Amino acid sequence: MMQTRKLTHIAILITFALVIHTVEAMVPVPMIVPGAKLGLANVITLLAFVIYGFKSAMFIAVIRAILGSIFIGNFLGFGFFLSFGGAVLSTLAMALGISLWRRGAVSLIAVSIMGAVAHNTAQVLIASILIQNINLLRLYLPLLLFLALPTGFFTGLVVIYAEKALSRVIKDVKQQ
């Protein structure tokens, strides 16, 4: 029964992440830097870390990147590799951050910013490899790292409020 509940929660989180990922890809957001996004689907990944831990968060991030790219029509295309690489590296960075958060050393906002920085770094690194232009790292990465601060802050803030709103669900899961 408890495993079914967890599986159902993870399926719901994947659904939320896919909807956010798809909508964010389709709605133009006015950003100074081309290709920059708010990264709202990372709210779900970070929330999954808080509730279920690393394996579930990584599973959600990977499935979101794969299915999201299928939904928006760029599976195995340039955008897929950027999204997938960013999702995986971001989740790994947030794993480090979550371990610090659980010890009280950092806030969820700091964990989210770590994820945003890792996501942007992975995407620019992958893009520079794919288009064979290392100058992207020197010219484009600093802009995206600067944008990772407010987007990571906002994402972390959303997770803090979501965690409070879902505190009963989180408490039930942690007691299992």
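Which side chain makes a polar contact with the side chain of H21? To find out, open this predicted model and follow the stops below.

**Stop 1: H21**

Select H21, which you will find in helix α1, residues 2-26. Now add R64: the side chains of H21 and R64 make a polar contact at 3.4 Å, and that settles the opening question. Look at how the histidine is surrounded, too. H21 has a relative accessible area of 11%, so it counts as buried. Setting aside residues up to four places away in sequence, H21 touches A41, R64, G68, S69, I72 and S83. Show those side chains as sticks to see its surroundings.

**Stop 2: the nonpolar core**

Next, select L46, I60, I98 and L108. These residues have the most contacts inside the largest nonpolar core, which has 23 residues. Two or more residues of this core come from each of α1, α2 (42-52), α3 (54-72), α4, α5 (108-130) and α7. Colour α2 separately if you like, as α2 gives the most to the core, with nine residues.

Stay with L46 for a moment. Neighbours within four places in sequence aside, L46 is in contact with M94, I98, L108, V111, S112 and V159. Two of the names in that list, I98 and L108, are also among the residues with the most contacts inside the core.

**Stop 3: aromatic pairs**

How many aromatic pairs does a search of the whole structure find? The search finds four. Begin with F49 and F54, a tilted pair whose centres are 6.1 Å apart, with 40 degrees between the planes. The two partners differ in exposure: F49 is buried at 2% relative accessible area, whereas F54 is partly exposed at 37%.

Then select F80 and F81. Their rings form an edge-to-face pair, 5.2 Å centre to centre, with 70 degrees between the planes. Is F80 buried or exposed? With a relative accessibility of 6%, F80 is buried, while F81 is partly exposed at 36%. Add F75 and F84 to the selection, and you have a cluster of four residues, F75, F80, F81 and F84, linked by ring pairs.

**Stop 4: along helix α4**

Select residues 78-102, which make up helix α4. At 1.5 Å a residue, its 25 residues should span 36 Å, and the end C-alpha atoms are indeed 36 Å apart, so the two values agree. After α4 comes G104, where phi is positive, near 80 degrees.

**Stop 5: positive phi in the loops**

Two residues other than glycine are worth a click here. L76 sits in the loop between α3 and α4. This leucine has a positive phi of about 65 degrees, and L76 is exposed, with a relative accessible area of 53%.

The second residue is Q132, in the loop between α5 and α6 (135-139). Phi of Q132 is also positive, near 55 degrees. At 72% relative accessible area, Q132 counts as exposed.

**Last stop: L166**

Finish at L166, in the loop between α7 (141-165) and α8 (167-175). L166 is partly exposed, with 31% relative accessibility. Select I51 as well and compare the positions of the two residues: they are 115 residues apart along the chain, and their C-alpha atoms are separated by 9.4 Å.

Note on methods. Residues are numbered from 1 along each chain as its sequence is written. Side-chain values use heavy atoms; hydrogens and water are left out. Helices (H or I, at least four residues) and strands (E, at least two) are DSSP runs, numbered from the N terminus. Buried means under 20% relative accessible area, exposed over 50%, partly exposed in between (1.4 Å probe, protein chains only). A polar contact is a pair of N or O atoms within 3.5 Å; within protein, one must be able to donate a hydrogen and the other to accept it, and residues adjacent in sequence count only if both atoms are side-chain atoms. Contact means heavy atoms within 4.5 Å. The expected span of a helix is 1.5 Å times one less than its number of residues. Rings of Phe, Tyr and Trp (its six-membered ring) pair if their centres lie within 6.5 Å; planes under 30 degrees apart count as stacked, over 60 as edge-to-face and the rest as tilted. A nonpolar core is a set of buried Ala, Val, Leu, Ile, Met, Phe, Trp, Tyr and Cys residues joined through side-chain atoms within 4.5 Å.
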